Amino acid sequence: MRPLPRFRNLPVTLRVPLVTAGLMILLGFLASQSVLSALGKVQDARLSETAKLHVEGLSVALGPSVLRQDVWEVYDILDRARSTYDGQRLLLSIVADERGRILAATDPRRAPVGEAVAEFEVGAAPPDAVRMTGDPVLRVAAPLLFQGRQIGQIVTELDVTDLLAERRNVSMWLLFGNAAATALLAFGGWLAVARILRPVGALVSAMDDSKGAPRPIAETDIPRGDPGLSRLISTYNRMTTAVESRAEAERRLAERERFVSLGRLSSSLAHEVNNPLGGLLNAADTILSYSDRPEVVRQSAELMQRGLSHLRDVTRAILDENRLDRVGQTLRPEDLEDLKLLFEPEVASRAQKLHWNVRPGSTGMTGLPAAPVRQIVLNLLLNAGAAAGQHGQVGLDVTVGEGKLFVEVTDTGPGLGQADLDRLLASGPLPPGGGVGLRLVHDLVSRLDGEIHHERMKDRTHVRVVLPPKDGGHA
Amino acid sequence: MKSTRRAVLMGVAAMAAPFVSARGWTQSPAPFRFALTPVFLDNDAAVISALRAALAEGMGHDIELVQRRTYQEISGALLDGSVDAAWTCGYPYLQHRAELSLLGVPVWRGRPLYQSYLIVAQDDPATALSDLRGGAHAFSDPDSNSGFLVTASDLARDGQTPDQFFSRVIFTYGHRNVVRSVAGGLTRSGSVDGYVWEALSSAEPNLTARTKVIVRSEWLGFPPMVARADRMDEPSVMACKSALLGLSTTPQGREALKLLSLDAIEPGEDALFDGIAARMAVLSGR
């Protein structure tokens with residue numbers, strides 16, 4: 001079974017012509033067989049006809065002479081018949097009397113007068129049943145009938161060398177003809193198939209060359225005449241575009257996330273630093289005004305110390321709060337607000353409508369880690385946004401019940417294909433193609449011991465993620 | 001001497017033709033019936049046609065050439081009057097010497113004589129009749145001089161008959177058939193008219209090349225043209241005789257003679273057939 005996998009490894013542009021050639025050879029073989037069989041039948045019929053004509057003609061002519069046992073007359077008739085008939089065909093004709101003694105033969109030296117005819121009847125067939133056997137000489141034996149009575153026997157040797165040669169010639173011609181025709185058609189088939197499969201080749205090379213970044217195929221290379229292929233390539237192009245825009249979105253999101261963190265840091269700083277700053281400035285003024293009053297200076301210095309300590313605490317707290325690397329942090333409502341900030345531009349770019357329904361404070365109780373939940377929700381949102389397309393609708397519902405976090409993402413896209421569902425819901429090997437985000441969602445949810453449900457209702461795709469609470473993870 | 005006689009005869013024939021016409025035998029619409037035998041190249045339609053045309057021209061009367069298979073049939077037809085004249089063999093002529101008369105004797109290679117050949121296959125080692133004992137033999141006709149009488153009388157001289165000497169005897173009723181029989185291997189040997197064998201050797205060299213002559217007889221009287229003795233004075237028979245004798249003087253006649261490989265036809269004499277008569281005597285044991 002080794003050659004089969006090897007054959008499978010061949011490019012499709014070679015495999016299809018090979019299969020075509022194989023079928024052509026099979027067809028040629030079957031056609032040749034049927035031609036040879038027909039030829040065999042024609043030759044047999046011709047042979048049988050010749051034998052019958054010969055025997056019947058001789059019977060009519062020989063009757064009286066055989067009755068009279070007239071050796072010369074019988075010989076004369078046989079000899080003249082030989083030159084009249086297909087002389088090449090009739091090698092030897094022997095006429096015997098009732099007792100099986102040879103009366104005369106076209107070659108009396110081979111079949112002398114008076115000898116027994118029996119030895120010439122070995123392997124002889126009746127004229128009706130004579131068939132090509134591959135032997136260049138065939139024997140036919142028939143009773144010699146005259147006036148309804150058998151008066152002797154006719155044995156004839158037919159030379160079928162020419163028929164065998166004809167058969168051989170036909171076989172050779174068929175062989176060479178079929179070989180040439182097959183080669184020609186296989187070549188033509190290869191050209192045609194190679195032409196037909198050129199877009200597939202382009203697709204394959206585009207995917208091979210991509211090195212992880214699939215590149216789209218030019219519109220001019222899409223075969224509009226072949227709806228299947230054209231759809232396939234269009235899908236591929238859309239997929240590559242989706243992958244690109246996704247990567248772009250992720251890049252933009254990362255950037256925005258940095259800006260958002262920076263903004264929050266700035267406002268926190270302004271707020272927390274500004275408050276004690278007034279008191280500190282007052283204390284400084286007091287010290288300047290009452291520098292000669294040690295109690296006041298001391299009180300003001302203490303105040304300033306407390307204020308600065310507070311500032312130090314605030315700075316520390318802000319740094320803790322706004323650390324960019326938030327691994328290990330628990331989920332908070334702000335995380336979801338961040339996601340909204342991040343996702344809204346995506347929605348806007350596709351003129352989509354966003355239903356954002358996050359119950360306030362709903363996330364506070366779950367103790368779930370922020371990073372994976374953010375990843376899950378963001379991926380689901382990005383997928384939903386891509387699926388919904390231009391002017392579509394995307395929705396997010398986040399609720400908490402029985403300590404579990406329920407996240408439901410909806411979109412008005414065409415729905416998830418089987419391959420996407422396999423990525424999202426199953427743990428089997430990754431099917432080929434894009435949509436890595438769905439598998440990431442699946443893996444993250446699994447890691448959090450959660451569940452994913454998929455539902456298609458009223459032209460909407462619902463993906464529901466249920467995440468159980470984390471013990472002791474209360475924020 | 002011969003040519004002078006022939007010229008005279010020709011003159012007589014030429015003068016007689018209008019005369020016999022005037023006598024009125026042509027009033028009978030029945031054509032003159034002239035029988036042929038397999039003595040010569042009986043399968044050649046061109047020969048028969050040329051001979052018929054030449055004789056008809058010479059006689060000034062339509063002539064029908066009748067072919068018969070055997071000399072016996074010819075003799076019977078001649079005697080019962082169903083044919084008017086015939087080209088037969090010296091042997092049957094002598095058998096019916098009392099009833100038949102000569103119209104003419106063909107001249108072959110300058111003489112009205114021919115030989116009988118004993119032939120065998122080309123590769124046969126036999127060199128004499130005695131070597132052929134126990135083999136199959138082909139005769140032409142039991143009433144043929146060259147095709148039977150010569151060999152039979154040779155055997156009779158040794159006190160044997162063909163049936164005893166040969167394992168099998170067949171009659172082919174044609175000298176050409178004797179050659180075919182020997183050439184094809186049907187019989188080991190054959191008795192054939194030397195004139196026919198020679199004519200065949202130029203007409204069908206492939207056939208005669210498969211045979212060879214091992215014994216040639218003495219020269220004997222050439223197969224003659226005969227008519228019933230009691231009808232020799234009939235104008236038609238006389239016209240036929242003069243036409244036969246005058247063949248070599250007309251272009252058509254010469255053409256027919258050429259096809260027959262003959263020089264002319266001369267009146268002939270009974271003495272020509274003395275050799276045959278002698279062999280007949282041997283055969284009959286006299």
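Start where the two chains meet: about 1100 Å² is buried between chain A and chain B, with carbon and sulfur atoms giving 53% of that area. Keep in mind that this is a predicted model. Now select Trp72(A), Tyr75(A) and Arg109(A), which supply 54% of the area that chain A buries against chain B, more than any other three residues. If you show every contact, 13 residues of chain A touch 14 residues of chain B.

Stay at the interface and look for charged pairs. Three salt bridges cross between chain A and chain B. Zoom in on the side chains of Asp76(A) and Arg180(B), which form a salt bridge at 2.6 Å, N to O.

Next, move to the sheet in chain A. Colour its five strands in the order β5-β6-β7-β9-β8 and you will see an open sheet with mixed pairing. Select β5 (353-358) and β8 (451-457) of chain A: these are the edge strands, each with a single partner, so one side of each has no neighbour in the sheet. Neighbouring strands here are turned by 15 degrees against each other on average, direction ignored.

Follow β8(A) to β9 (residues 460-467) of chain A, its antiparallel partner over seven bridges. One stop on the way is Arg456(A), whose bridge partner in β9(A) is Thr461(A).

Now add the helices. Helix α8 (residues 333-349) of chain A packs on the sheet, touching β5 and β6 (393-401) of chain A, and its direction makes about 175 degrees with that of β5(A). Helix α9 (residues 370-388) of chain A also packs on the sheet, touching β5, β6, β7 (404-411) and β9 of chain A; the direction of α9 makes about 15 degrees with that of β7(A).

Key:
Residues numbered from 1 in each chain as written. Chains lettered and ligands numbered in written order. Predicted model: local features only at pLDDT ≥ 70, side-chain atom pairs only at ≥ 80, totals over all residues. Heavy atoms only, no water. Pairing = 2+ DSSP bridges. Helix = DSSP H or I, 4+ residues; strand = E, 2+ residues; numbered from the N terminus. Axes fitted to C-alpha atoms, helices over the stretch in contact; angles between N-to-C directions. Contact = heavy atoms within 4.5 Å. Buried area = accessible area lost by both parts, 1.4 Å probe. Salt bridge = Lys/Arg side-chain N within 4 Å of Asp/Glu carboxyl O.
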